[in-house]
Amino acid sequence: MTITELSVSAAALYFLVFGTGFVFRPELVDRFALRWTDSAGKTEVRCYYGAVSWALAGFLAYLLAQDLATEALTGVLFLATAVLVVRIAGTMVDGGRAHPYTRMAIPVEAAFVLALAAVRAFA
């Protein structure tokens with residue numbers, strides 16, 4: 001295994017562990033004492049909603065520039081499917097079905113995943 005492969009594997013493991021922790025134990029946010037109303041909480045939202053979204057957009061643009069559109073589409077399908085599955089499961093576990101955001105997000109995300117899957121099926 002090259003140092004690059006090892007580094008990518010380590011990064012994948014980091015994100016897997018971090019993501020698993022927050023998907024299955026969202027109360028871990030209390031361990032970090034993060035609240036939206038606190039300055040660190042606001043920065044965290046900027047980092048993980050803002051910066052990660054920018055990084056993903058940049059990576060997709062990079063893949064397109066490398067003539068890897070199918071791979072980029074596959075990655076977007078993985079991401080969108082994961083968000084939809086966790087949103088549905090989280091809504092059931094957390095009891096947020098009546099929230100207006102959830103009532104809008106689930107059908108929009110489901111349509112997005114279905115559209116991506118259809119395009120990917122014919123790619």
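Contact here means heavy atoms within 4.5 Å. With that in hand, the tour can start.

**Before selecting anything**

The model is predicted. Colour the protein chain by pLDDT: its mean is 93, and 100% of its residues reach 70 or more. Helix α2, residues 28–31, has the lowest confidence, with a mean of 82, while α5 has the highest, at 97.

**Stop 1: Ala80**

Select Ala80, which sits in helix α4. Is Ala80 buried or exposed? Its relative accessibility is 10%, so Ala80 counts as buried, the cut-off being under 20%. Now show what surrounds Ala80. Once neighbours within four places in sequence are set aside, Ala80 is in contact with Phe112, Val113 and Leu116.

For a sense of scale, select Glu5 as well. Ala80 and Glu5 lie 75 residues apart in sequence, and their C-alpha atoms are 25 Å apart in space.

**Stop 2: the nonpolar core**

Keep Ala80 selected and add Leu73, Val76, Leu77, Leu84, Val113 and Leu116; together these seven residues make up the largest nonpolar core. Helices α4 and α5 each contribute at least two residues to this core. The largest share is from α4, which supplies five residues.

**Stop 3: Glu109 and Arg87**

Go next to Glu109, in helix α5. Which residues does Glu109 touch, not counting those up to four places away in sequence? They are Val83, Leu84 and Arg87. Leu84 was also part of the core at the previous stop.

Look at the third of these contacts more closely. Glu109 and Arg87 form a salt bridge, with their closest N and O atoms 2.7 Å apart. This pair links distant parts of the chain, 22 residues apart: Glu109 belongs to helix α5 (residues 100–121) and Arg87 to helix α4 (residues 69–94). The two partners fall into separate accessibility classes. Glu109 is buried, because its relative accessible area is 15% and buried means under 20%. Arg87, at 22% relative accessibility, counts as partly exposed.

Side chains of opposite charge can pair when their charged atoms come close.

**Stop 4: the other salt bridges**

How many salt bridges does the count come to? It comes to three, and the Glu109 and Arg87 pair is one of them.

Select Arg25 and Glu27 for another. Their closest N and O atoms are 2.7 Å apart, and they form a salt bridge. Arg25 is partly exposed, at a relative accessible area of 46%, and Glu27 is also partly exposed, at 40%.

Then select Arg35 and Asp30, whose side chains meet in a salt bridge at 3.0 Å, N to O. Arg35 is partly exposed, with 42% relative accessibility. Asp30 is partly exposed too, with a relative accessible area of 44%. Asp30 falls within helix α2 (residues 28–31), where the mean confidence is 82.

**Stop 5: Thr102**

Return to helix α5 and select Thr102. Which residues are in contact with Thr102, leaving aside neighbours within four places in sequence? Show Thr91, Gly96, Arg97 and Pro107. Thr102 has a relative accessible area of 13% and is therefore buried, being under 20%.

**Stop 6: Asp67**

Move to the loop between α3 and α4 and select Asp67. Why does Asp67 count as exposed? Its relative accessible area is 70%, and exposed means over 50%. Check the backbone here as well: phi of Asp67 is near 60 degrees, a positive value in a residue other than glycine.

**Stop 7: the largest pocket**

For the last stop, display the largest pocket, which holds about 2500 Å³ of space. It is lined by 46 residues; to find its centre, select Gly19, Val23, Tyr48, Tyr49 and Val83, the lining residues closest to it. Val83 is also among the residues that Glu109 touches.

Next, colour the helices. α1 (3–24), α3 (39–65), α4 and α5 each give at least two residues to the lining of this pocket. Which helix gives the most to the lining? It is α4, with 15 residues. Helix α4 also supplied the largest share of the nonpolar core, and Ala80, where the tour began, is in that helix.

Conventions. Residues numbered from 1 in each chain as written. Predicted model: local features only at pLDDT ≥ 70, side-chain atom pairs only at ≥ 80, totals over all residues. Heavy atoms only, no water. Salt bridge = Lys/Arg side-chain N within 4 Å of Asp/Glu carboxyl O. Buried < 20%, exposed > 50% of the residue type's maximum accessible area, 1.4 Å probe, protein only. Helix = DSSP H or I, 4+ residues; strand = E, 2+ residues; numbered from the N terminus. Core = buried A, V, L, I, M, F, W, Y, C linked by side-chain atoms within 4.5 Å. pLDDT = per-residue confidence, 0-100. 1 Å grid on protein atoms, 1.4 Å probe; cavity = no way out; pocket = protein on both sides within 12 Å on 5 of 7 lines; lining within 4 Å. Points joined across faces, edges and corners; volume = space filled by probe spheres on them.
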